[in-house]
Amino acid sequence: MKQVIPQRVAILGSTGSIGTSTLDVLARHPGRFEVYALTAATQVDLLAQQCLKFEPRLAVMASAAHANRLATLLKEAGSGTEVRGGPQALVDVAAHEEVDTVMAAIVGAAGLGSCLAAARAGKRLLLANKEALVVGGEFFLQAVRTGGATLLPIDSEHSAIFQSLPDDPATWQQRVDKIILTASGGPFRTRDPRTLRDVTPDQACDHPNWVMGRKISVDSATMMNKALEVIEARYLFGLPPERLEVVIHPQSVIHSMVQYSDHSVVAQLGTPDMRVPIAYGLSWPERMASGATALDFRTLAAMTFEPLDAPGHAERYAGIHLAWEALRSPAGTTAVLNAANEVAVEAFLARRIRFDQIHAVNLRTLEAISPAAPGSLDDLLALDSHSRAAAGQSVASLSH
Ligand code: NAD
Ligand code: MG
């Protein structure tokens with residue numbers, strides 16, 4: 001009988017929305033995967049439960065204090081999982097020689113260091129953490145190439161594009177006319193734009209189709225998520241910015257499309273469930289069960305589309321246009337935009353600025369910082385922190 005050696009998987013950010021969905025998929029295929037390491041920032045109790053269920057060799061908390069609490073809980077429960085703490089432990093686990101596959105599901109630029117470590121160590125890298133690519137850009141891609149890593153997109157749009165493109169990347173430039181990303185339009189697509197100033201954090205996080213972490217939910221409401229995804233697509237697929245388009249598709253059934261040079265369009269469809277792209281990343285180039293419900297075309301009433309310039313959308317989704325602007329600006333500008341947006345979203349969630357002021361913070365930060373092309377991780381981290389400081393000043397000046 002053929003013996004299957006399980007793929008050893010490390011999940012960075014296992015307590016989040018993508019992290020828990022990944023564990024759900026892995027639990028369906030026990031012989032094929034081994035959960036080798038789990039990591040989290042602050043949710044000690046949830047990580048402890050996950051460790052007791054999946055029995056990883058390693059568990060990492062972002063801080064030593066949280067790691068100590070986790071170690072105590074696991075010791076009391078008689079668990080054999082080794083606990084480590086701190087940012088270096090996170091980087092080490094991403095590059096661990098016994099790990100085959102890294103699911104990068106930390107939110108924000110905080111995931112950059114561990115993503116780079118996994119890339120340099122030549123891992124199969126399942127990238128949910130789009131911010132790492134938006135911040136790292138070409139520098140990150142270079143690490144993927146020199147490390148010999150296999151980069152597989154987890155973002156549903158990019159997984160859809162990857163599934164719709166030909167197998168050989170060398171043919172993409174010539175055969176593909178354009179990539180069309182779909183956007184749901186978020187919770188405020190039909191809301192009077194004059195009332196956006198009154199939006200609360202809970203309203204912004206109440207996405208019509210997807211259940212996600214709070215940061216990406218706010219980004220979906222402002223459409224900054226799609227801006228980050230346009231930048232992500234630029235780096236992942238190499239087409240110039242003018243060949244990347246966005247169309248609003250409120251039902252989130254078509255996850256994105258590729259238009260070829262003969263104007264044939266290939267799309268990927270499915271129910272909005274992140275377990276589909278996660279299972280695809282884990283099993284590629286094969287397929288395996290994801291746990292998602294199948295689409296039912298007998299009950300699927302309609303698929304509709306709206307352009308970005310439909311009435312009111314210029315005010316609702318001002319942020320989307322920053323993607324192309326940042327891509328046409330000097331290298332590093334996408335990192336400035338990402339940092340500004342992280343600070344602005346955090347300030348909005350903490351009720352320090354209004355929803356409609358997120359865009360103002362992003363614009364002001366882009367105006368304040370002129371980046372030099374980043375040549376190292378230290379350059380990127382410095383640019384990220386300068387941009388955060390500038391965005392923090394904007395927030396302070398706007399705070400009510
Ligand atoms: P989430 O907030 O639900 O989870 C984030 C995870 O990251 C948690 O496990 C948390 O402990 C960890 N984390 C946060 N800050 C950290 C830090 N400083 N150091 C170490 N760990 C830290 O977020 P999510 O919705 O699962 O999103 C994760 C990533 O996947 C994001 O980059 C997001 O854009 C992307 N993504 C998410 C979805 C989705 O449906 N949720 C879809 C596409 C892409
Ligand atoms: Mg997405």
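Helices (H or I, at least four residues) and strands (E, at least two) are DSSP runs, numbered from the N terminus. The views below show a predicted model, in which local features need pLDDT of at least 70, side-chain atom pairs count only at pLDDT 80 or more, and totals for chains, interfaces and linings use all residues. Residues are numbered from 1 along each chain as its sequence is written, chains are lettered from A and ligands numbered from 1 in the order in which they are written, and side-chain values use heavy atoms, with hydrogens and water left out.

**View 1. Serine 252 sits in the loop between β9 and β10.** Take a look at its backbone here: serine 252 is not a glycine, yet its phi is positive, at about 50 degrees.

**View 2. Four strands form an open sheet in the order β9-β8-β10-β11, with mixed pairing.** The edges belong to β9 (244–248) and β11 (265–269); each has a single partner strand, so one side of each is left without a neighbour in the sheet. From one strand to the next, the twist averages 20 degrees. Two strands count as paired if DSSP finds at least two bridges between them. Strand β10 (residues 254–260) and β11 run antiparallel and are joined by five bridges. Within this pair, you can find methionine 257 opposite alanine 267 of β11.

**View 3. Helix α11 (residues 224–237) lies across β8 (176–183) and β9.** Contact here means heavy atoms within 4.5 Å. The helix runs at about 150 degrees to β8. Axes are lines fitted to C-alpha atoms, for helices over the stretch in contact, and angles run from 0 to 180 degrees between N-to-C directions.

**View 4. An open sheet of seven strands follows the order β4-β3-β2-β1-β5-β6-β7, with parallel pairing.** Its edge strands, β4 (82–85) and β7 (150–153), each pair on one side only. The average twist from one strand to the next is 20 degrees. For a closer look at one pair, follow β1 (residues 7–12) and β2 (residues 33–40), which run parallel and share six bridges. Isoleucine 11 has leucine 38 of β2 as its bridge partner.

**View 5. Helices α1 and α12 lie across strands of the seven-stranded sheet.** Helix α1 lies across β1, β2 and β5 (101–104), at about 160 degrees to β1. Helix α12 (residues 275–283) crosses β1, β2, β5, β6 (124–127) and β7, and runs at about 170 degrees to β6. In the loop between α12 and α13 (313–316) you will meet proline 285. The peptide bond leading to this proline from tryptophan 284 is cis, with omega near 5 degrees.

**View 6. Ligand 1 is surrounded by 23 residues.** A residue belongs here if one of its heavy atoms lies within 4 Å of the ligand. The closest are Thr15, Ser17, Ala41, Glu131 and Gly213. The shell divides into 13 nonpolar, seven polar and three charged residues; Ala, Val, Leu, Ile, Met, Phe, Trp, Tyr, Cys and Pro count as nonpolar, Asp, Glu, Lys and Arg as charged, and the others, Gly among them, as polar.

**View 7. Oxygen atoms of ligand 1 meet serine 17, isoleucine 18 and glutamate 131.** Each of these is a pair of N or O atoms within 3.5 Å. A polar backbone atom of serine 17 is 2.9 Å from a ligand oxygen, and a backbone N or O atom of isoleucine 18 also lies 2.9 Å from one. For glutamate 131, an N or O atom in the side chain is 2.6 Å from an oxygen atom of the ligand. On its own, ligand 1 has 830 Å² of accessible area (Shrake-Rupley method, 1.4 Å probe), and the protein covers 85% of that. The elements that give two or more residues to the shell are α1 (17–27) and α6 (130–147).

Note on methods:
A polar contact is a pair of N or O atoms within 3.5 Å; within protein, one must be able to donate a hydrogen and the other to accept it, and residues adjacent in sequence count only if both atoms are side-chain atoms.
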